[in-house]
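Got the viewer open? Here is a walk through the model, one selection at a time.

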Amino acid sequence: MTMDNVRRLFEVFETDKALRKALYMAEGTEAREAALREAGLFFTDEEFDAMIDSLHVKCQTHEEAERFFEFRNWWDFLRRS
């Protein structure tokens, strides 16, 4: 399920520097989607939006919530640039 890829990206976004770099370097939606496909993490913006609340609810601590908001803001920045 591609929506699960949102969760998987959330788990690796701080540690997978190569993927972060590929996503930062991607010019436009198609290039960003290609980078996600190459990493086996493809999802659409609609799937991200549908999954994000589920990730937020699972936060158990303040630190987890901070990490979640950092991830959400990071992705929002990428998809709007």
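Helices here are DSSP runs of H or I with at least four residues, numbered from the N terminus. Keep in mind as you click around that this is a predicted model.

**Stop 1: a patch on the surface**

Start with Tyr-24, which sits in helix α2. Is Tyr-24 buried or partly exposed? With a relative accessible area of 45%, Tyr-24 is partly exposed. Now add Met-25 and Phe-77 to the selection: together with Tyr-24 they make a nonpolar surface patch of about 370 Å².

**Stop 2: the inner side of the opening helix**

Next, select residues 2-12, which are helix α1. Show side chains for Asn-5, Val-6, Leu-9 and Phe-10, and you have buried residues of this helix. Why do these four share a side of α1? They cover an arc of only 145° around the axis, so they end up on the same side of the helix. To see what lies over the buried residues of α1, bring up α2 (17-25), α3 (29-38), α4 (45-57) and α5 (62-80), which are included in the cover.

**Stop 3: the core**

Leu-9 turns up again here. The largest nonpolar core has 22 residues, and those touching the most other members are Leu-9, Leu-23, Leu-36, Phe-71, Trp-74 and Trp-75. Color by helix and you will find that α1, α2, α3, α4 and α5 each put at least two residues into this core. Which helix supplies the largest share? That is α5, with six residues.

Zoom in on Leu-36 and ask for its contacts, skipping neighbours within four places in sequence. You should get Leu-9, Leu-23, Leu-41, Phe-42, Phe-43 and Trp-75.

**Stop 4: charged pairs**

Time to switch to the charged side chains. Side chains of opposite charge can pair when their charged atoms come close. How many salt bridges does the model have? The count is eight, and three of them make good stops.

- Select Asp-4 and Arg-7. Their side chains meet in a salt bridge, at 2.7 Å from N to O. Both belong to helix α1 and are three residues apart, so about one helical turn separates them. Asp-4 is partly exposed at 27% relative accessibility, and Arg-7 is partly exposed too, at 23%.
- Move on to Arg-67 and Glu-14, a salt bridge whose closest N and O atoms are 2.9 Å apart. Arg-67 is in helix α5 while Glu-14 is in the loop between α1 and α2, so this pair ties together parts 53 residues apart in sequence. Arg-67 is partly exposed, with a relative accessible area of 24%, and Glu-14 is partly exposed at 38%.
- Finish with Arg-79 and Asp-49, another salt bridge, with 2.7 Å between the closest N and O atoms. Here α5 (Arg-79) is linked to α4 (Asp-49), so the pair ties together parts that are 30 residues apart in sequence. Is Arg-79 buried or exposed? Arg-79 counts as buried because its relative accessibility is 17% and the cut-off for buried is under 20%. Its partner Asp-49 is partly exposed, at 39%.

**Last stop: the network**

Leave Arg-79 and Asp-49 on screen and add Arg-32, Asp-45, Asp-76 and Arg-80. Salt bridges with shared partners join these six residues into one network.

Notes:
Residues are numbered from 1 along each chain as its sequence is written. This is a predicted model: local features need pLDDT of at least 70, side-chain atom pairs count only at pLDDT 80 or more; totals for chains, interfaces and linings use all residues. Side-chain values use heavy atoms; hydrogens and water are left out. Buried means under 20% relative accessible area, exposed over 50%, partly exposed in between (1.4 Å probe, protein chains only). The arc is that of the directions from the helix axis to the C-beta atoms. Contact means heavy atoms within 4.5 Å. Patches are made of residues with over 30% relative accessible area and no salt bridge: like charges are joined within 9 Å, nonpolar side chains (Val, Leu, Ile, Met, Phe, Trp, Tyr) within 5 Å. Accessible areas come from the Shrake-Rupley method with a 1.4 Å probe; for residues, only the protein chains shown count as cover. A salt bridge is a side-chain nitrogen of Lys or Arg within 4 Å of a carboxyl oxygen of Asp or Glu. A nonpolar core is a set of buried Ala, Val, Leu, Ile, Met, Phe, Trp, Tyr and Cys residues joined through side-chain atoms within 4.5 Å.
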